[in-house]
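Open the model in your viewer and keep the selection tool at hand. The tour goes from one side chain to its surroundings, and then to the whole chain.

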Amino acid sequence: MDTTGVLSEIESALADQLYLAGDNAAVVAAGETLLGALRPALSQAALQLAEQAAAEVDAQLPDHEVNVILEDGEPNIRLRPVESEVRFSADDLEARITLRLPSALKSELEEAAGTAGDSINTYVVKALSGRSRAAGRAGRRITGTFQT
């Protein structure tokens, strides 16, 4: 995610405002000092926006892990599928549920299960267990060290 363009636009807007001050050296000097002081805060704000975007994506995609990584000082959002941790055998399947669904959805599930190489029962159990685990993941998860 390239934040330099947005930060440059903010700096340019401030420079335009300073230009309107004309020959007032004190105002121009104060503006330049303010701009220097704002640069780290603007970079931090860009990182926080990336974190918020990652949290939104994470909430929408429970079967994926979403991280914000700094590369060359720029925040980047990384998305990767979470490997299914469902390990069970036919002997583990003791509980039953009766589920009524539209025939079109049943057909979609059968096709998806076939593509995944699973029975429809295994496919549904994996999907449900992945969603229930993802529901337990709440809040923001930030790992690593940030230097500003």
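Select Glu74 and Asn76 and show their atoms: in this predicted model, a polar atom of the Asn76 side chain lies 3.4 Å from the backbone oxygen of Glu74. Now add Glu71. Its side chain and that of Asn76 are joined by a polar contact of 3.3 Å.

Colour strand β2, residues 74-81, and you will find Asn76 in it. Is Asn76 buried or exposed? Its relative accessibility is 13%, and buried means under 20%, so Asn76 counts as buried.

What does Asn76 touch, leaving out residues up to four places away in sequence? Select Met1, Asn67, Val68, Ile69 and Glu71 to see these contacts.

Keep Val68 selected and add Leu47, Ala50, Ala54 and Val66. Together these five residues form the largest nonpolar core. At least two of its residues come from α2 (25-60), and at least two from β1 (64-71). The biggest contribution is that of α2, with three residues. In soluble globular proteins, nonpolar side chains tend to be buried together.

Finally, clear the selection and show the whole protein as a cartoon. Four helices and two strands make up its secondary structure. Follow them from the N terminus, and the order is α-α-β-β-α-α. Of the 148 residues, 17% are buried. Switch to a surface view: the protein exposes about 11,100 Å², with 54% of that supplied by carbon and sulfur atoms.

Conventions:
Residues numbered from 1 in each chain as written. Predicted model: local features only at pLDDT ≥ 70, side-chain atom pairs only at ≥ 80, totals over all residues. Heavy atoms only, no water. Core = buried A, V, L, I, M, F, W, Y, C linked by side-chain atoms within 4.5 Å. Buried < 20%, exposed > 50% of the residue type's maximum accessible area, 1.4 Å probe, protein only. Polar contact = N/O pair within 3.5 Å; in protein donor to acceptor, adjacent residues only side chain to side chain. Contact = heavy atoms within 4.5 Å. Areas by Shrake-Rupley, 256 points an atom, 1.4 Å probe, with all protein chains shown as cover.
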